[in-house]
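Trainee: I have a chain open here and would like to go through it with you. Shall we start with confidence and then move to the fold?

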Amino acid sequence: MVHTERYELIFQMSGAADDVVCVRITDRLGAGGFPVYEDETGIVRAEISDRGEVRMLASGGHQAPGAPLLARPLSEDPPGTL
């Protein structure tokens with residue numbers, strides 16, 4: 001099965017602009033059997049299903065990650081190409 005390489009996770013922030021975090025596929029699978037994605041720091045981690053369902057994963061102790069409003073797949077094509 002081919003999985004999307006990158007996603008934007010969009011978190012709704014109260015009283016501020018939405019927070020957008022880009023995540024990339026890793027070689028790990030989550031508890032549901034779907035790929036685990038993480039940001040460049042390794043702090044934001046999520047298991048994303050082939051239907052775009054997101055399960056946020058704690059990357060450290062005492063972390064309680066909130067669910068994103070939306071997970072948007074990103075194209076691997078450079079801007080301006082078809």
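**Confidence and fold**

Mentor: Start with the chain as a whole: its mean pLDDT is 87, and 91% of its residues reach 70 or more. Keep in mind that this is a predicted model.

Trainee: In which strand is confidence lowest, and in which is it highest?

Mentor: Confidence in the chain peaks in strand β3, residues 35-38, at a mean of 97. The low end is a mean of 92. That value belongs to residues 70-74, strand β6.

Trainee: How many helices and strands are there in the chain?

Mentor: Read the elements from the N terminus: β-β-β-β-β-β. No helix appears in that run. The count is 0 helices and 6 strands.

Trainee: How does the radius of gyration compare with the globule rule for 82 residues?

Mentor: The globule rule gives 12 Å for 82 residues. The chain comes close to that, so it is as compact as a globular protein of that length. The C-alpha atoms fill a box of roughly 45 × 35 × 25 Å along the principal axes. The radius of gyration is 13 Å.

Trainee: What share of the residues count as buried?

Mentor: A residue counts as buried under 20% relative accessible area. Across the 82 residues of the chain, the buried share is 27%.

Trainee: What share of the contacts between residues at least 6 apart join residues at least 24 apart?

Mentor: Take the contacts in the chain between residues at least 6 apart in sequence. Those that join residues at least 24 apart make up 32%.

**The sheet**

Trainee: In what order do the 6 strands stand in the sheet?

Mentor: The sheet is open, and its pairing is antiparallel. Its edge strands are β5 (54-57) and β6, each paired on one side only. Neighbouring strands are turned by 35° against each other on average, direction ignored. The order is β5-β4-β3-β2-β1-β6.

Trainee: Which residue in β3 is the bridge partner of Arg 24?

Mentor: Strand β2 (residues 19-29) runs antiparallel to β3, and 3 bridges join them. Ile 25 stands opposite Tyr 37. For Arg 24, the partner in β3 is Glu 38.

Trainee: Which residue in the turn between β2 and β3 has a positive phi?

Mentor: β2 and β3 form a hairpin, with 5 residues between them. The phi in question is about 85°. The residue is Gly 33.

Trainee: Which residue in β4 is the bridge partner of Glu 38?

Mentor: β3 and β4 pair in the antiparallel sense over 3 bridges. They form a hairpin with 6 residues between them, and Gly 42 in the turn has a positive phi of about 80°. The partner of Glu 38 in β4 is Arg 45.

Trainee: Over how many bridges do β4 and β5 pair?

Mentor: β4 and β5 form a hairpin with 5 residues between them. In its turn, Gly 52 has a positive phi of about 85°. Glu 47 has Arg 55 in β5 as its bridge partner. Strand β4 (residues 45-48) pairs with β5 in the antiparallel sense, and the number of bridges is 4.

**Side chains and contacts**

Trainee: How many aromatic pairs does a search of the whole structure find?

Mentor: The whole-structure search finds 1.

Trainee: What kind of aromatic pair do Tyr 7 and Tyr 37 form?

Mentor: The centres are 5.2 Å apart, and the planes stand at 90°. Tyr 7 lies in strand β1 (residues 6-11) and Tyr 37 in strand β3, 30 residues apart. An angle over 60 degrees is the cut-off, so the class follows. The pair is edge-to-face.

Trainee: Is Tyr 37 buried or exposed?

Mentor: Its partner Tyr 7 has a relative accessible area of 6% and is buried. Tyr 37 has 1% relative accessibility. The cut-off is under 20%, so the class is clear. Tyr 37 is buried.

Trainee: Which residues does Leu 70 touch, leaving out those up to four places away in sequence?

Mentor: Leu 70 is in strand β6. Leu 70 is partly exposed, at 42% relative accessible area. Its C-alpha is 11 Å from that of Val 21, 49 residues apart in sequence. The residues touched are Glu 8, Leu 9 and Ile 10.

Trainee: And which does Pro 65 touch, with those up to four places away again not counted?

Mentor: Pro 65 sits in the loop between β5 and β6. Pro 65 is partly exposed, with a relative accessible area of 33%. The residues touched are Met 56, Leu 57 and Ala 58.

Methods
Residues numbered from 1 in each chain as written. Heavy atoms only, no water. pLDDT = per-residue confidence, 0-100. Helix = DSSP H or I, 4+ residues; strand = E, 2+ residues; numbered from the N terminus. Phe/Tyr/Trp six-rings, centres within 6.5 Å; stacked < 30°, edge-to-face > 60°. Buried < 20%, exposed > 50% of the residue type's maximum accessible area, 1.4 Å probe, protein only. Pairing = 2+ DSSP bridges. Axes fitted to C-alpha atoms, helices over the stretch in contact; angles between N-to-C directions. Rg over C-alpha atoms; globule rule 2.2 N^0.38 Å. Contact = heavy atoms within 4.5 Å.
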